[in-house]
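Okay, thanks everyone, let me get the picture up on the screen. I'll walk through it piece by piece, so just follow along with the display.

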Amino acid sequence: MNSLIQNYPKIGIRPVIDGRMEGIRESLENQTMAMAKSVSKLISERLKYPNGKPVECVIADTTIGGVFEARAADEKFSKEGVGASLSVTPCWCYGSETMDMNLYIPKAIWGFSGTERPGAVYLAAVQAAHSQKGLPAFSIYGRDVQDNNDHSIPEDVKEKILSFVKAALVVSTIKDRSYLSIGNVSMGIAGSIIDPNFFEDYLGMRVEYVDMTEVKRRIDLDIYDRDEYKKALDWVKDNLKEGSDENGPNTRKTRKDLDSDWEFLVKMTLACRDLMIGNKKLKNLGYYEESLGHNAIVAGFQGQRQWTDYYPNADFTETILNSSFDWNGNRIPYILATENDSLNGISMLFGHLLTNTAQIFSDVRTYWSPEAVKRVTGYKLEGMAEMGIIHLINSGSTALDGTGQQEIDGKPAIKPFWEITEEEINKCINTTLFRPANLEYFRGGGFSTDFTTRGGMPVTISRINLVKGLGPVLQIAEGETIELPDRVHGILDKRTDPTWPTTWFAPRLNGRGAFTDVYSVMNNWGANHCAVSYGHIGALLITLASILRIPVYMHNIEDKEIFRPSAWNGFGTNNRESADYRACKNFGPLYKKI
């Protein structure tokens, strides 16, 4: 039940060699294959799939000296489920005869920085071939010259290999999966006006649709695992804490009604999860079709208003599915977007697959200048927050991991599910209140998730936006979560809705573009939502976007950290943002057929 994915994509390692026999090829066989093995070892030791298992690599059966061996490697990779290829070589090879010609899988080449044989010359030649044929590939070349008997991987080469593999795995993992739209457009939010062309052309995904009445049908007809329902309801009663009710005494729900809401919400959560990934146990209940699910790696729930005006909201459902744990223990998060915002759902999916962690879904709600905070609270912002903060808050839900109660080296963090301890799970739960929903917003009731994220976490906010005539564009802001004094937080929080989860965010400013001040960051944000990921992953997002041909128009990443295919250099090396736009337009969506 932890994931719909049974077999994650593998990385294909292509040891490429000078094919001339009678002395040259024979002298290079061991060195070339040693490079392949060292890269495979690096990847499997350093990277994990979302299920916690090491990333698997497949090495070609032989070194590749020409087209026959290149094709043999292709066939092996196809059978083994390879989703990206990494060619390695210490020497000159025949570029167009040995290159990876697969149209759809991401590619990179590591050319050994040595003097005995011109690996760098081959790298330049084969990159030219990739660019000329319209098959962008990443170029990896160490800064320092190595000896030919040195089989180690330099740190700068390691960094580029791992960056490429992380991004490439996202691309190959989401291909042929689904976005499940549960409901339709929520309150006119553009991200929930789902564009299937974006999913199909850029991501290789399909969009699946069900009406929200399907959730109600499953609740009414008991189409869920009844044993798990009892287990889940007991877990909710034993572990989750209700907060105070902000509704007036004449409008708030009775205890009986609140208890009924909890029963409804647990069933609703099981139904939404089963809609995404299926549930074999439903087949035994006589519901074969329902047992299959929709192969959805990400979904969205419309909720407002057609659902929430009459039924309990999905705040609990979204919160618990997006978290790294529930009544079944630690597990992979299910990515479920609030208000069916598919573009924020994809942004969350990118962050999740790059980090293997749960994601925070937030409104980009309010910019608080230092002057405004001082006027309203009397408090002077300081440290990372001294230039102002942005109030990230969702209308009632976000992953419990977002509390920041997990720790790495004693500092607040969000960790992969397999690293989270029982103590940390309890801390996440115990610092969260489930507040009876504000009935002015949610007439049908439910429970909203209320916590405040701990300060001091490095985070990255991101968002995919669609622009007519241009297509998808990505924006990124790295920064840090901020912790305000309780009194100050209380005053600011109550000006919005105190029953909702809050993350105070300060972006890192660099004096350029949208990052001249905090106001400009929010003023240039392209939508009302963002995805928040633990860690500074902006450079990885840029690498991923380049594979998918999605230009990045706003970020605070240093140029030296940016890693894109070498073909991008042909579109300009002075203004990288403009070059990115031209390159993405030139090569077009990765999967577009027409």
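Let's start with strand S1, residues 10–15, which is joined by 6 bridges to strand S3, residues 82–89, and those two run parallel. Before I go further, keep in mind that this is a predicted model. If you want one pair to look for between those strands, take Ile11: its bridge partner in S3 is Ala84. S1 also has 3 bridges to strand S2, residues 57–59, and again the strands run parallel. There, Ile13 stands opposite Ile59 of S2.

So how many of the residues in S1 are buried? The count is 6 of 6, and the strand is mostly covered. In a regular strand, side chains alternate between the two faces of the sheet. Here, both faces of S1 are covered. On one side you have Lys10, Gly12 and Arg14, on the other Ile11, Ile13 and Pro15, and every one of them is buried.

Ile13 comes up again when we look at the nonpolar cores. The largest core has 76 residues, and Ile13 is among those with the most contacts inside it, along with Ile43, Trp110, Ile161, Leu203 and Phe350. Which helix gives the most to this core? That's helix H5, residues 155–174, with 11 residues. There's also a second, separate core, this one with 44 residues, including Val236, Cys272, Ala314 and Phe434.

Okay, on to another sheet. This one is open and has 4 strands in the order S7-S6-S8-S11, with parallel pairing. At the edges sit strand S7, 206–210, and strand S11, 335–338, each of which pairs on one side only. From one strand to the next, the twist averages 20°.

Zoom in on S8, residues 296–301: 4 bridges join S8 to S11, and the two run parallel. Val298, for instance, stands opposite Ile335 in S11. Then look for helix H13, residues 342–355, which packs on this sheet and touches strand S6, 178–182, as well as S8 and S11. The direction of H13 makes about 145° with that of S11.

Next, a pair of helices. H7 is residues 213–220 and H9 is residues 255–277, and they pack at an angle of about 120° with their axes 9 Å apart. That angle is why H7 and H9 count as oblique to each other. Their crossing is right-handed. As for who makes the contact, H7 brings Glu214, Val215, Lys216, Arg218 and Ile219. From H9 come Phe264, Lys267, Met268, Ala271, Cys272, Asp274 and Leu275. You may remember Cys272 from the second core.

Now, which residues of H7 are buried? They are Glu214, Val215, Lys216, Arg218 and Ile219. What covers them includes H9, but also S6, helix H10 at 280–284, helix H11 at 288–292, and S8. And just after H7 ends, Asp222 takes a positive phi of about 60°.

That's a good lead-in to a few backbone oddities in the loops. Asp176 has a positive phi of about 70°, although it isn't a glycine. You'll find Asp176 in the loop between H5 and S6. Is Asp176 buried or exposed? Its relative accessibility is 51%, and the cut-off for exposed is over 50%, so Asp176 counts as exposed.

Asp409 does something along those lines: its phi is near 55°, a positive value in a residue other than glycine. Asp409 lies in the loop between strand S14, 406–408, and strand S15, 411–413. With 76% relative accessibility, Asp409 counts as exposed.

Then there's a cis peptide bond, joining Gln304 and Arg305, with omega at about -5°. Arg305 is in the loop between S8 and helix H12, 315–322.

Last stop is Gly188, in the loop between S6 and helix H6, 196–203. Gly188 is exposed, with a relative accessible area of 60%. And how far is Gly188 from Pro333? They're 145 residues apart in sequence and 27 Å apart in space, C-alpha to C-alpha.

That's my tour, happy to go back to any of it on the screen.

Key
Residues numbered from 1 in each chain as written. Predicted model: local features only at pLDDT ≥ 70, side-chain atom pairs only at ≥ 80, totals over all residues. Heavy atoms only, no water. Pairing = 2+ DSSP bridges. Axes fitted to C-alpha atoms, helices over the stretch in contact; angles between N-to-C directions. Contact = heavy atoms within 4.5 Å. Core = buried A, V, L, I, M, F, W, Y, C linked by side-chain atoms within 4.5 Å. Buried < 20%, exposed > 50% of the residue type's maximum accessible area, 1.4 Å probe, protein only. Parallel < 35°, antiparallel > 145°, perpendicular 65-115°, else oblique. Left-handed = near helix turned anticlockwise from the far one by under 90°.
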